[in-house]
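Colleague: I would like a close look at a single part of this model, one helix and what surrounds it. Please take it step by step and then place it in the rest of the chain.

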Amino acid sequence: MSVISLTCSQTTLCYSSKPPHSFLTDFENSVFPRTSIPAFALKLSPYSQRLLRNGNWVSCRNRFHANSADSDADTNELETQLSRENGAVSSNGGNPSTSFLSVLCPLLKLFSGGDPSQERNFTLEVATSSLSTFTRFPWGSRSLSQNLDRQDITTLDPPMHLQLFEFEACPFCRRVREALTELDLSAEVYPCPKGSVRHREMVKRFGGKEQFPFLIDPNTGISMYESGEIVTYLFEQYGKGRKPTVGLLESTLFTGWMPTIFRAGRGMTLWEKAKRDPPPKKLELYSCENNPYARIVREALCELELPYILQNVGEGSLRSKSLDASGSKEVPYLIDPNTGTQVGDYKKILSYLFQTYSAATV
């Protein structure tokens, strides 16, 4: 057996010929399906791989270069400044967006709506979510599949689901979800709220640090940080080589944080009463990134740290027929294979999620 290891502080990435099942722990198996590529088999991404040089991780971008002015160390540094409870992570520093968000997020936590499971003012909820939608329009609202060569489209998705580690309130994670909607791609989403008990640890194991978003593509063996590079990669790999939508990358610095403000930090922190163990099977959510009602549901899934399959159904999506077959014509629509529940109204979905996945529920 040959093993090559690359170590940096807390994490060792291994590349081995040994069978996957002999390395994977029960914890990893409970979250990742058998079709997924285990951590040790992931390739260092040519887009944002980190190499150990003089004791520091440095970026080696060999092919793709995002045109945005920011770095996802923004989110990384934000987590560092907010709390040290999740361990040390790297940051680039000096970014004005980072400094702004580092001050903003503690304020959002202070003025947030409190316990997300309690009765809400849904008029206010919809109003603030609709404002969030307005600030990000048109990104993440419609599918571009109708503009691609339909003769080249034989399936909605690649053979294996993309795997995205993120949290709803993060503006850079939002940028990636918008790209997924526009490319009509589904993905396995592993929410990583502040205080996460499962998924943040996995990001540290697989990538070396807590930085979000973090994408794993088991179809190519690529794993990467940096939302700008992730978006560019997705469009190159699954958008027939086209460039990202005009303004998608650049606009994040100006309006990407607006939904975080309007929603008062919803989808940012783990609910203290959430169950510690994930359900046996992933939930499935039909959603559109910029739909105001779907946003409220995704926030709840994040606060409960529930992994789920995100089925993006933007305007013009080829997945609309699949949604119709499920018994609904509108998003959000939730399917829980663990209980056999299928529900479409966002209020009912919220009630169901917090009742079913509360630690107090027997």
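What follows is one request about a helix and one connected answer.

Colleague: How many residues of helix 10 are buried, and which elements do the buried residues pack against?

Modeller: The model is a predicted one. Helix 10 covers residues 292–303. Its twelve residues reach 17 Å from the first C-alpha to the last, close to the 16 Å expected at 1.5 Å a residue. Helix 10 is mostly covered, with eleven of its twelve residues buried. The buried residues include nonpolar side chains such as Ile296, Val297, Ala300 and Leu301, but Arg295, Arg298, Glu299 and Glu303 are also among them. Around the helix, the buried residues pack against helix 4, helix 5, strand 7, strand 10, strand 11 and helix 12.

Helix 12 is the partner to examine in detail. The axes of helix 10 and helix 12 are 9 Å apart, and the two pack at an angle of about 5°. Helix 10 is therefore roughly parallel to helix 12, as the angle is under 35 degrees. On the side of helix 10 the contact is made by Tyr293, Ile296, Val297, Ala300, Leu301 and Glu303, and on the side of helix 12 by Tyr346, Ile349, Leu350, Leu353 and Phe354. By class, these residues divide into ten nonpolar, no polar and one charged.

Two residues of this contact, Leu301 and Leu353, also appear among those with the most contacts inside the largest nonpolar core. That core has 25 residues, and Leu283, Leu304 and Leu334 are likewise among its most connected members. Two or more residues each come from helix 4 (122–136), strand 10 (283–287), helix 10, strand 11 (308–312) and helix 12 (346–356). Helix 12 gives the largest share, six residues. For Leu334, leaving aside neighbours within four places in sequence, the contacts are Leu283, Glu284, Leu285, Thr341, Gln342, Val343, Ile349, Tyr352 and Leu353. A second, separate core has 21 residues, including Leu164, Leu183, Val231 and Leu234.

Val231 and Leu234 also belong to another helix contact, that of helix 5 with helix 7. The axes of helix 5 and helix 7 (residues 227–238) come within 9 Å and cross at roughly 10°, so this pair too is roughly parallel. From helix 5, Phe172, Arg175, Val176, Ala179, Leu180 and Glu182 meet Ser227, Gly228, Ile230, Val231, Leu234 and Phe235 of helix 7. The classes in this contact are eight nonpolar, two polar and two charged residues.

The loops that follow these helices have backbone details of their own. Most residues other than glycine have a negative phi, and most peptide bonds are trans. Glu305, in the loop between helix 10 and strand 11, has a positive phi near 55°. Glu305 is buried, with a relative accessible area of 1%. Asp184 lies in the loop between helix 5 (171–182) and strand 7 (187–191), and its phi is also positive, about 60°. At 2% relative accessibility, Asp184 counts as buried.

Finally, there are cis peptide bonds at two prolines. One joins Phe137 and Pro138, with omega about 10°; Pro138 lies in the loop between helix 4 and strand 6 (162–166). Another joins Phe212 and Pro213, with omega about 5°; Pro213 lies in the loop between helix 6 (199–207) and strand 8 (214–217).

How values were computed
Residues numbered from 1 in each chain as written. Predicted model: local features only at pLDDT ≥ 70, side-chain atom pairs only at ≥ 80, totals over all residues. Heavy atoms only, no water. Core = buried A, V, L, I, M, F, W, Y, C linked by side-chain atoms within 4.5 Å. Buried < 20%, exposed > 50% of the residue type's maximum accessible area, 1.4 Å probe, protein only. Helix = DSSP H or I, 4+ residues; strand = E, 2+ residues; numbered from the N terminus. Contact = heavy atoms within 4.5 Å. Axes fitted to C-alpha atoms, helices over the stretch in contact; angles between N-to-C directions. Parallel < 35°, antiparallel > 145°, perpendicular 65-115°, else oblique. Expected span 1.5 Å × (residues − 1).
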